[in-house]
Amino acid sequence: MSAIPRPSRSHRLVTATPIRVSFEFFPPKTPEMDVALWDAVTRLAPLDPDFVSVTYGAGGSTRERTHTTVARIVRETGLRPAAHLTCVGATKAEVDAVVGDYWAAGVRHIVALRGDPQGGAGSPYEAHPDGYGSSADLVRSIRNAGAFEVTVSAYPEKHPESPSLDADIDVLAAKVDAGATRAITQFFFDNEIYLRYVDKVRARGIDIPIIPGIVPVQNFKQTASFAARTGASVPQWLADRFEGLDGDPATRRLIAAAVAAEQVFDLVDHGVRDFHFYTMNKADLVYAICHLLGLRPKLEQVAA
Ligand code: FAD
């Protein structure tokens with residue numbers, strides 16, 4: 001008696017519908033961090049991501065560094081960069097100038113955000129008197145400034161300031177009405193939360209791609225504390241997996257790879273084909289997960 005062979009999930013992954021990925025980096029503060037960032041970019045570039053994004057420090061604190069990093073990506077690689085931009089604590093003229101500088105540098109994709117309140121996450125948000133009042137206003141202005149692609153944030157567990165998930169989805173709808181063409185989610189660990197959120201967003205009539213933001217857990221304690229600030233829940237099963245490993249980074253890395261692979265494979269099984277990875281400027285875990293997903297080096301993206 002012979003059973004009909006069923007292709008394993010990993011076999012299907014390498015051969016099925018292509019997976020598309022994007023990678024998020026943060027601008028480096030020191031020469032050492034610059035080397036680490038560029039190592040990560042160089043390692044991940046041959047996977048031919050859809051785009052790579054560079055964050056904008058709280059309150060615009062990395063304005064110059066973000067610009068320098070994005071401009072270098074344009075100059076030295078074949079990658080398509082997306083520059084994050086917030087409108088907190090800045091006049092419209094200042095924000096418009098940054099948008100103009102990006103256009104001049106060859107950037108055509110902006111991740112448009114309101115940004116955290118200047119008093120820090122949790123304190124009340126006040127728009128600059130001469131600034132953009134909301135992320136939707138920022139999106140509209142960027143779209144009017146040029147042929148930019150504009151990506152925005154989405155919060156499957158609602159933004160901490162939001163009174164309800166429905167109110168949060170109203171804000172997403174306003175950003176889409178203003179011209180946003182894609183959303184990237186806050187990171188999450190329970191896929192059901194994301195899948196239910198996408199259902200709700202679709203029921204609300206929003207049809208732009210809602211790309212799951214995946215954070216490989218490089219350091220559980222750090223991730224848990226970041227999650228607490230951003231309103232992302234950390235399931236007990238995840239804490240259990242990292243229990244007792246504080247002094248064992250090698251095992252932690254193996255567990256982190258297994259956890260992230262499990263999460264993305266489950267999303268693939270639910271039909272998800274696009275993933276945004278929060279790399280923390282470290283390539284190895286993300287590279288391994290992309291390899292498992294069937295991605296192989298394609299182009300020599302980075303100049304020698
Ligand atoms: P929005 O989507 O505009 O709003 C989020 C929530 O805030 C709303 O749902 C609502 O509850 C409330 N809210 C906003 N405006 C109003 C209003 N007018 N009236 C009532 N309620 C309102 N931060 C950075 O500093 N730099 C970055 O590079 C960066 N990148 C990010 C990338 C992604 C993919 C994500 C998910 C977040 C990122 N953030 C970044 C964090 C983000 O700036 C904070 O979460 C910030 O507090 C909200 O900005 P937003 O554009 O997401 O807000």
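1. Which side chain has an N or O atom 2.6 Å from an oxygen atom of the ligand? In this predicted model, that side chain belongs to aspartate 168. Two further contacts of this kind can be listed beside it: a polar side-chain atom of serine 153 lies 2.5 Å from a ligand oxygen atom, and an N or O atom in the side chain of tyrosine 155 is likewise placed 2.5 Å from an oxygen atom of the ligand.

2. The surroundings of the ligand comprise 21 residues, of which Tyr56, Ser135, Ser153, Tyr155 and Lys175 come nearest. Ser135 deserves a second look, since this residue is also listed among the buried residues of helix H5 (residues 135–145), together with Ala136, Leu138, Val139, Ser141 and Ile142. The cover over the buried residues of H5 includes three strands, E3 (81–86), E4 (109–113) and E5 (149–154), as well as helices H4 (92–104) and H6 (165–177).

3. Leucine 113 offers a convenient point from which to inspect this region. The residue is placed in strand E4 and, with a relative accessible area of 18%, is buried, because the limit for that class is under 20%. When neighbours within four places in sequence are left aside, leucine 113 is in contact with His84, Leu85, Thr86, Cys87, Ser135, Leu138 and Ser153. The C-alpha atom of leucine 113 is separated by 8.7 Å from that of valine 88, a residue 25 places away along the chain.

4. On the nonpolar interior, the largest core holds 71 residues, and the members that touch the most others are Phe23, Leu85, Ile142, Ile210, Phe275, Phe277 and Leu293. For phenylalanine 277, the contacts beyond four places in sequence are Val21, Ser22, Phe23, Glu24, Ile214, Val264, Val286, Ile289, Cys290 and Leu293. A second core, separate from this one, has 19 residues, including Leu113, Phe220, Val259 and Leu285.

5. The aromatic pairs come to a count of eight. In one of them, phenylalanine 187 and tyrosine 278, the ring centres are 6.5 Å apart and the planes meet at 80 degrees, so the arrangement is edge-to-face. Because phenylalanine 187 lies in the loop between strand E6 (182–185) and helix H7 (191–203), while tyrosine 278 belongs to strand E9 (residues 274–278), the pair ties together parts that are 91 residues apart in sequence. Both partners are buried: phenylalanine 187 has a relative accessibility of 3%, and tyrosine 278 has a relative accessible area of 14%.

6. Another pair, phenylalanine 220 with phenylalanine 242, is stacked, with 5.4 Å from centre to centre and 10 degrees between the planes. Here, too, distant parts of the chain are linked, since phenylalanine 220 is in helix H8 (residues 220–230) and phenylalanine 242 is in helix H9 (residues 236–242), 22 residues apart. Phenylalanine 220 is buried at 17% relative accessible area, and phenylalanine 242 is buried at 3%.

7. The remaining aromatic features can be noted briefly. Phe187, Phe189, Phe226 and Tyr278 form one aromatic cluster. There are also charged groups placed over rings: the charged end of arginine 43 sits over the ring of tyrosine 287, 3.8 Å from the ring centre, and the charged end of arginine 72 sits over the ring of tryptophan 38, again at 3.8 Å from the centre.

Key
Residues numbered from 1 in each chain as written. Predicted model: local features only at pLDDT ≥ 70, side-chain atom pairs only at ≥ 80, totals over all residues. Heavy atoms only, no water. Phe/Tyr/Trp six-rings, centres within 6.5 Å; stacked < 30°, edge-to-face > 60°. Helix = DSSP H or I, 4+ residues; strand = E, 2+ residues; numbered from the N terminus. Buried < 20%, exposed > 50% of the residue type's maximum accessible area, 1.4 Å probe, protein only. Lys NZ or Arg CZ within 6 Å of the ring centre and 35° of its normal. Core = buried A, V, L, I, M, F, W, Y, C linked by side-chain atoms within 4.5 Å. Contact = heavy atoms within 4.5 Å. Near = heavy atom within 4 Å. Polar contact = N/O pair within 3.5 Å; in protein donor to acceptor, adjacent residues only side chain to side chain.
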